[in-house]
Amino acid sequence: MHASCWYQRVSHTPVPLSSSCAARDPRRGLLKRLKRWPKTLGRLLNICSRSKAYTAEGPIAPWSQLHMTVDDVWLEQAFVGVLDWPTVLWVWDQCAIRGWEALADIAANCVWLLRHDIRELDKLAGGVDDLRHLFSGRLRNTQVPELQTLYAATRISDATEAASDSSTQSSGAKPHPSRPRPEAAFRLPVVADALT
C-alpha cells in the first residue's frame with residue numbers, strides 16, 4: 001500500500017480515506033479492475049516500462065508508474081479538467097454514494113474508453129509523457145450516458161462474479177476458470193437531463 005494512506009478501522013477491515021489509496025488497494029483497486037482487459041493492461045504496462053524515471057532504490061516498476069500517472073492526471077483532481085462538468089459531477093455523485101473506491105472503477109472504465117488510443121500509443125512506442133497527454137486530453141468529449149453505461153455494466157459483472165465465487169466456495173465445488181469479459185458496453189436507459 002501507499003505509505004501516505006490513512007486508514008480507519010471498521011470490523012478489522014482497513015478503509016482507504018483517499019482516492020489514491022483506494023486506487024492502490026490490491027483487492028478492489030485500479031489494477032484489479034484493469035485485469036478485466038488483459039490486452040489493454042499489458043499495453044499500459046509496456047508503455048510504462050519505457051519510463052526512464054528512477055528512485056533511490058532503482059527504476060520505477062511499470063505498475064508504480066501507471067499508478068503515479070493515473071493519480072497525477074485523474075485522481076488527485078477527481079477528473080476536473082479531464083471530463084466535462086456534467087460528467088465530473090456524476091463521478092463525484094458516485095464517490096458520495098460508494099466512497100473513494102468508485103474512482104478506481106471509473107478510472108478503469110476510462111482506460112477502457114481509451115483502449116484504441118492506448119493500442120496505437122503502444123504500437124508507436126510511446127512513453128509515459130505521451131500517456132499523460134492521452135489521459136488528460138482524450139476524455140473531454142465523454143458524456144455521462146457513455147460512462148454511466150459502462151460503469152453499470154462492469155458493476156453488474158463484478159456482482160455476478162462475486163456471487164458465483166461465493167457460491168462455489170460455500171458448496172465446496174471446484175472453482176471454474178473465469179470467463180472472458182465481453183469488451184462491449186450495453187446501452188441502458190438513462191434519465192434525460194432535467195434542464196432540457
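These are legends for five close-up views of a predicted model.

**View 1. Trp74 and Phe135 stack across two helices.** Start with the rings of Trp74 and Phe135: their centres sit 4.3 Å apart and their planes make an angle of 25 degrees, so this pair is stacked. Trp74 belongs to helix 4 and Phe135 to helix 8 (residues 128-137), so the contact ties together parts that are 61 residues apart in sequence. Both residues are buried. Phe79 joins in too, as ring pairs link Trp74, Phe79 and Phe135 into a cluster. If you go hunting through the whole structure, the count of aromatic pairs comes to 5.

**View 2. Trp85 and Trp92 meet edge-to-face.** A pair of aromatic rings is described by the distance of the centres and the angle of the planes. For Trp85 and Trp92, the ring centres are 5.9 Å apart and the planes are at 80 degrees, so the pair is edge-to-face. Trp92 is partly exposed, and its relative accessible area is 35%.

**View 3. A nonpolar patch takes in the same two tryptophans, Trp85 and Trp92.** Pull back a little and Val80 and Leu89 come into the picture: together with Trp85 and Trp92 they make a nonpolar surface patch of about 380 Å². Val80 comes from the loop between helix 4 (62-75) and helix 5 (85-98). With a relative accessibility of 32%, Val80 counts as partly exposed.

**View 4. Arg115 caps the ring of Trp112 with its charged end.** Here the thing to look at is a charge over a ring. The charged end of Arg115 sits over the Trp112 ring, 3.7 Å from the ring centre. Arg115 is also where helix 7 (115-123) begins.

**View 5. Two alanines, Ala78 and Ala125, have positive phi.** Most residues other than glycine have a negative phi. Ala78 goes the other way, with phi near 50 degrees. You'll find Ala78 in the loop between helix 4 and helix 5, and Val80 is in that loop as well. At 13% relative accessibility Ala78 counts as buried, because the cut-off for buried is under 20%. Ala125 isn't a glycine either, yet its phi is positive at about 60 degrees. Ala125 has its place in the loop between helix 7 (115-123) and helix 8.

Terms used. Residues are numbered from 1 along each chain as its sequence is written. This is a predicted model: local features need pLDDT of at least 70, side-chain atom pairs count only at pLDDT 80 or more; totals for chains, interfaces and linings use all residues. Side-chain values use heavy atoms; hydrogens and water are left out. Patches are made of residues with over 30% relative accessible area and no salt bridge: like charges are joined within 9 Å, nonpolar side chains (Val, Leu, Ile, Met, Phe, Trp, Tyr) within 5 Å. Accessible areas come from the Shrake-Rupley method with a 1.4 Å probe; for residues, only the protein chains shown count as cover. A salt bridge is a side-chain nitrogen of Lys or Arg within 4 Å of a carboxyl oxygen of Asp or Glu. Helices (H or I, at least four residues) and strands (E, at least two) are DSSP runs, numbered from the N terminus. Buried means under 20% relative accessible area, exposed over 50%, partly exposed in between (1.4 Å probe, protein chains only). Rings of Phe, Tyr and Trp (its six-membered ring) pair if their centres lie within 6.5 Å; planes under 30 degrees apart count as stacked, over 60 as edge-to-face and the rest as tilted. A charge sits over a ring if NZ of Lys or CZ of Arg is within 6 Å of the ring centre and within 35 degrees of the ring normal.
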